Amino acid sequence: MADMGRHGMAMAMVPAAAGGAGRRKRYMHMTFYWGKNSEILFTGWPGASGGMYALALAAVFALAVLLEFLGSPRVQESSSLGRRRRRATAAAVHAVRVGLAYLLMLALMSFNVGVLLAAVAGHAAGFLAFRAGLCGGGYKKGELAPAACC
């Protein structure tokens, strides 16, 4: 079922929608590749446009920064609420964080190297800003920061 696409990369054929006689078959990369012609999260997005590809990379970068913010001590230790409400808020923030982490993982499954680099850069920038203390609220010396995905 795998086909060798251009540059000798293995690609899986994705069948056209049911009743779609006359539609082209799409191909999905199964190895990392460079290029702006990709599909990230949604069919046809960002397409072949360089501007839309740049927007997709910016969205992936922002999503990674947001994940680091949601895992920062500033968000985790909101003490202005009562004990029961603080637990409920922590559970809601955790659920949102895990959902966004899965969304980022699905974006990375496009196997586009640009998307991978944008996600890594976003996590690094978010870590520096929110966990390493660049924007305040960092961890104390000797204390390990929890992973963003768990």
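The paragraphs below move from the overall layout of this predicted model to its nonpolar core and then to one pair of helices.

The protein contains four helices and five strands, and, read along the sequence, these elements follow the pattern β-β-β-β-β-α-α-α-α. Of the 150 residues in the protein, 27% are buried, while the accessible surface comes to about 9,800 Å², with 67% of that area belonging to carbon and sulfur atoms. Among contacts in the protein with a separation of 6 or more, 50% are made by residues 24 or more positions apart.

Turning to the interior, the largest nonpolar core has 16 residues, and those with the most contacts inside it are Ile-40, Val-60, Leu-67, Leu-100, Leu-104, Ala-107 and Val-115. Helix H1 (50-70), helix H3 (83-108) and helix H4 (113-131) each supply at least two residues of this core, and H1 gives the most, with six residues. Val-60 offers a useful point from which to look around: leaving aside its neighbours within four places in sequence, Val-60 is in contact with Leu-104, Ala-107, Val-115, Ala-118 and Ala-119.

How do H3 and H4 lie relative to each other, parallel or antiparallel? Their axes come within 9 Å and cross at roughly 150°, and because an angle over 145 degrees counts as roughly antiparallel, H3 is roughly antiparallel to H4. Where the two helices meet, Arg-97, Leu-104, Ala-107 and Leu-108 in H3 face Val-115, Leu-116, Ala-119, His-123 and Arg-131 in H4 as contact partners. By class, this contact of H3 with H4 has six nonpolar, one polar and two charged residues.

How values were computed
Residues numbered from 1 in each chain as written. Predicted model: local features only at pLDDT ≥ 70, side-chain atom pairs only at ≥ 80, totals over all residues. Heavy atoms only, no water. Core = buried A, V, L, I, M, F, W, Y, C linked by side-chain atoms within 4.5 Å. Buried < 20%, exposed > 50% of the residue type's maximum accessible area, 1.4 Å probe, protein only. Contact = heavy atoms within 4.5 Å. Axes fitted to C-alpha atoms, helices over the stretch in contact; angles between N-to-C directions. Parallel < 35°, antiparallel > 145°, perpendicular 65-115°, else oblique. Nonpolar A, V, L, I, M, F, W, Y, C, P; charged D, E, K, R; others polar. Areas by Shrake-Rupley, 256 points an atom, 1.4 Å probe, with all protein chains shown as cover.
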